[in-house]
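Here are a few short exercises to work through with the model open in your viewer. Try each task before you read its solution.

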Amino acid sequence: MDLQRGTTYKSALLDRPGPVLLGLASISRDGGFRGDSLRTYGGESPDKLLLYPGDLYVSLKDVTQSGDLLGAVARVPAWVSQGRLTQDTVKLVPRQGAPPAAYIYWILRTPEYRSYCRGRAIGTTNLSLAREDFLAFQVPETSADRLHLVRLLEALEEKSDLNRRMNRTLEAMAQALFRSWFVDFDPVRAKAEGRRPEGMDAEAAALFPNRFVESELGEIPEGWRARNWGELVTLEYGKALRDYRLGDVPVFGTNGRIGSHDTALCKHEGVVVGRKGAYRGIHYSDEPFFVIDTAFFVEPREDLEMRWAYYELLQDGINSLDSGSAIPSTSRSDFYALRCAFPPYRLQRRFVEILAPMWRRQRQCEQENAALTGLRDALLPKLLSGEIRLRDAETRLAASA
């Protein structure tokens with residue numbers, strides 16, 4: 001196996017037409033492709049730096065002390081037609097007679113390999129892995145059993161990817177409906193023009209007025225009110241998580257879910273607002289959850305649907321808020337001053353009722369993926385140990401199909 005190292009790029013050319021940048025942000029912790037923050041690059045991209053579907057690349061750096069990304073491997077998915085290495089990643093170039101790429105991919109996902117990489121980390125602030133140490137890892141010879149296990153792991157990943165694509169599609173549909181109703185006001189415009197609103201039943205259509213009124217926000221539907229978020233909700237501080245007791249309660253930070261705990265800080269489903277960092281996300285939990293001290297959770301002051309609040313806050317761009325400290329952050333006073341067009345509660349409720357089946361399907365996909373991940377993690381160590389018992393895995397995989 002040979003390695004092709006990437007190079008730096010010009011930030012001014014980001015997001016222009018070109019290949020997708022395959023840097024650290026495109027690799028999941030402990031391996032696998034991560035597609036939620038991809039950016040394109042419109043600058044020079046020599047052929048040797050380009051990757052295509054099925055190609056493997058590895059991180060030989062990690063910007064954290066955990067080492068979760070050190071040596072982590074990813075595979076370019078079919079829906080990324082072309083990618084480009086960065087200075088933090090290297091492409092794996094197989095030599096003649098090398099094992100199949102899928103075999104190498106899964107060997108580099110095993111806990112033994114991940115432990116090997118962490119044990120050879122260099123550096124104190126930012127970690128790195130020497131090329132020589134990476135290439136010195138002993139890849140076991142292929143066998144019929146190992147290749148059969150790789151086919152099972154491939155099937156697990158394909159099913160998980162299908163669920164993730166399903167969830168992205170459902171989420172896009174939910175956001176499109178929200179924008180139509182609560183941002184573009186399409187049903188109100190239709191009724192104002194004497195047309196029947198498209199894509200909704202008579203009960204839902206009756207909840208929209210047929211005219212606009214002037215407000216501080218510009219034209220808004222009659223019966224809606226221009227409100228400050230401080231009138232509608234309070235932002236409650238998260239807490240430092242000093243003990244790491246595992247449980248079923250999701251834990252959220254400024255960038256999303258980061259783990260699980262056995263105690264909920266927010267006792268109902270709701271919204272998490274990122275508090276610190278250059279990127280501060282808006283996240284939703286459909287069950288009680290815990291929030292660490294880099295984020296807030298939202299408590300309503302009056303009747304409002306938390307799902308509606310979540311999608312409305314996605315429109316507000318909290319990353320434009322900055323308290324002026326050394327670390328970009330969201331202050332409660334700035335957040336409370338944000339204004340929105342607040343619709344009647346009955347309309348918020350109807351929005352939630354219509355989309356509830358889609359959210360249940362998303363939840364089902366997430367639960368299926370959790371089970372598939374557990375099965376994958378149980379199988380991976382056997383790829384190196386040779387202690388392979390496949391019948392149970394095949395049965396469980398068939399049951400999830």
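What follows is three exercises on a predicted model, each with a worked solution.

**Exercise 1. Work out how β10 and β11 pair, and what joins them.**

Solution. Start by finding the two strands: β10 covers residues 212-215 and β11 covers residues 218-221. Next, check the direction: they pair in the antiparallel sense, over four bridges. Then pick a position to anchor the register: glutamate 214 sits opposite glutamate 219 of β11. Finally, look at the link, which is a hairpin that gets from β10 to β11 through two residues.

**Exercise 2. Find the strand order of the open three-stranded sheet, and name its edge strands.**

Solution. Lay the strands out side by side and you get β2-β7-β3, with mixed pairing. Now look for strands that pair on one side only: these are β2 (20-22) and β3 (50-51), so they are the edges. Zoom in on β3 and β7 (residues 83-85): this pair is antiparallel and has two bridges. To fix the register there, take leucine 50, whose bridge partner in β7 is arginine 84.

**Exercise 3. Describe the second largest pocket: what is its volume, and which residues line it?**

Solution. First the volume, which comes to about 380 Å³. Then the lining: 15 residues, with Met1, Ile104, Leu135, Phe137 and Val139 nearest the pocket's centre. Last, sort that lining by class, and you end up with 11 nonpolar residues, three polar ones and one charged one.

Terms used:
Residues are numbered from 1 along each chain as its sequence is written. This is a predicted model: local features need pLDDT of at least 70, side-chain atom pairs count only at pLDDT 80 or more; totals for chains, interfaces and linings use all residues. Side-chain values use heavy atoms; hydrogens and water are left out. Two strands pair if DSSP finds at least two bridges between them. On a 1 Å grid over the protein atoms alone, a cavity is a set of points where a 1.4 Å probe fits but cannot get out, and a pocket is an open set with protein on both sides within 12 Å along at least five of seven lines; lining residues have an atom within 4 Å of a point. Grid points are joined across faces, edges and corners, and a volume is the space filled by probe spheres set on the points. Ala, Val, Leu, Ile, Met, Phe, Trp, Tyr, Cys and Pro count as nonpolar, Asp, Glu, Lys and Arg as charged, and the others, Gly among them, as polar.
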